[in-house]
Amino acid sequence: MGTASESGAEVFEVGYFGRSAYLAQSPQFYKQMAIAAGIDKVFEIGPVFRAEPSFTSRHATEFTGVDVELAWIDGVEDVMAFEEQMLAHAIAKVADAHGEAIAEHFGVKVTVPTTPFPRVTMADAREILRRGGWDPAGVKEDLDPEGERSISAHIKGATGHEFVFVTHYPVGIRPFYHMRAADDPSVTLSFDLLWKGLEITTGAQREHRYDVLLKQAVEKGVSHEPMQGYLNAFRYGCPPHGGLGMGLGRVLMVMLGLDSIREASFLFRGPNRLTP
């Protein structure tokens, strides 16, 4: 890609015929430009590259991303409703086609989730966790892995559900193109989807108003010049839209009860692994 698709950090820069290019972090900008061009539903399954020096069981520097963007939404709830229906349908298909083999080889029963999935705001999640003894010191405005596991366990105990949408993340930890809530500009109309305590998806309603998008980019310290082609797509109007990005390796990891994303990858790539 000619421009980094997120903040400009955590990208692999490569030489490209005398200039710089970047391995794609996300098809985010292209999905939105397609929406602006009149394609109402955009789907992509493809490689994603993240230059994160993360040494955990859930991170990889290359993974397969499942991306969705939907036009003419009434709000971020439409995106969450789409994802829960998509996952319930896909997991049902897996259970039907491969349930017996998965039980035999992995000792795991593939359970089809019911919809809707539970929802909890980030503010409420942090309050629930504090009451349970979780210490957010040093975590800033986000949830750490312990927090994600704990809130999932709380929701499982309260509802019996393995999935939970954590919504309304603070502006400080979300990209400039996430829409902000009209009644509380300090939070975004965004979500993460946790499955058994592991984040598998990030999604949001996008900011489609050109002037607001420019203002939010400036507030985030994002330069307009490198992404002018993206910004131009919004100049003459764009439908309300939103979407999500889901890590397929993490989905397989949870579904099959694996201990590490390395086991869900054919050729795992991490900071210390480039071969074979």
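## Strands 9, 10 and 11

In this predicted model, F191 has G203 of strand 10 as its bridge partner. That pair belongs to a set of six bridges joining strand 9 to strand 10, and the two strands run antiparallel. Together they make a hairpin with two residues between them. If you look at the turn, you will find K196, which has a positive phi of about 50 degrees.

G203 is a handy residue to follow further, as its bridge partner in strand 11 is L244. Strand 10 and strand 11 (residues 241-247) are joined by five bridges and also run antiparallel. How much of strand 10 is buried? Six of its eight residues are, so the strand is mostly covered.

## The whole sheet

Now step back to see where these strands sit. They belong to an open sheet of seven strands, in the order 3-4-11-10-9-6-5, and the pairing is mixed. Strand 3 (41-49) and strand 5 (119-121) stand at the edges; each has a single partner strand, so one side of each is left without a neighbour in the sheet. From one strand to the next, the twist averages 20 degrees.

At the strand 5 edge, the partner is strand 6 (residues 163-167), and three bridges join the two. Here the strands run parallel. One pair to look for is V120 with its bridge partner V166 in strand 6. As general background, strands of a sheet pair through backbone hydrogen bonds, either parallel or antiparallel.

## Helix 4 and its two sides

Helix 4 covers residues 145-159, which makes 15 residues. From its first C-alpha to its last it reaches 21 Å, close to the 21 Å expected at 1.5 Å a residue. After the helix comes G160, with a positive phi near 80 degrees.

Which residues of helix 4 are buried? They are G147, E148, I151, S152 and I155. These residues cover an arc of only 130 degrees around the axis, which puts them on the same side of helix 4. A general rule helps here: an α-helix has 3.6 residues a turn, so residues three or four places apart point the same way. On the other side of helix 4, R149 and G157 are exposed.

## Where the helix meets the sheet

What do the buried residues of helix 4 pack against? Their partners are strand 5, strand 6, strand 9 (190-195) and strand 10 (198-205), along with helix 3 (122-131). This brings us back to the hairpin of strand 9 and strand 10, where F191 is paired with G203.

Note on methods. Residues are numbered from 1 along each chain as its sequence is written. This is a predicted model: local features need pLDDT of at least 70, side-chain atom pairs count only at pLDDT 80 or more; totals for chains, interfaces and linings use all residues. Side-chain values use heavy atoms; hydrogens and water are left out. Two strands pair if DSSP finds at least two bridges between them. Helices (H or I, at least four residues) and strands (E, at least two) are DSSP runs, numbered from the N terminus. Axes are lines fitted to C-alpha atoms, for helices over the stretch in contact, and angles run from 0 to 180 degrees between N-to-C directions. The expected span of a helix is 1.5 Å times one less than its number of residues. Buried means under 20% relative accessible area, exposed over 50%, partly exposed in between (1.4 Å probe, protein chains only). The arc is that of the directions from the helix axis to the C-beta atoms. Contact means heavy atoms within 4.5 Å.
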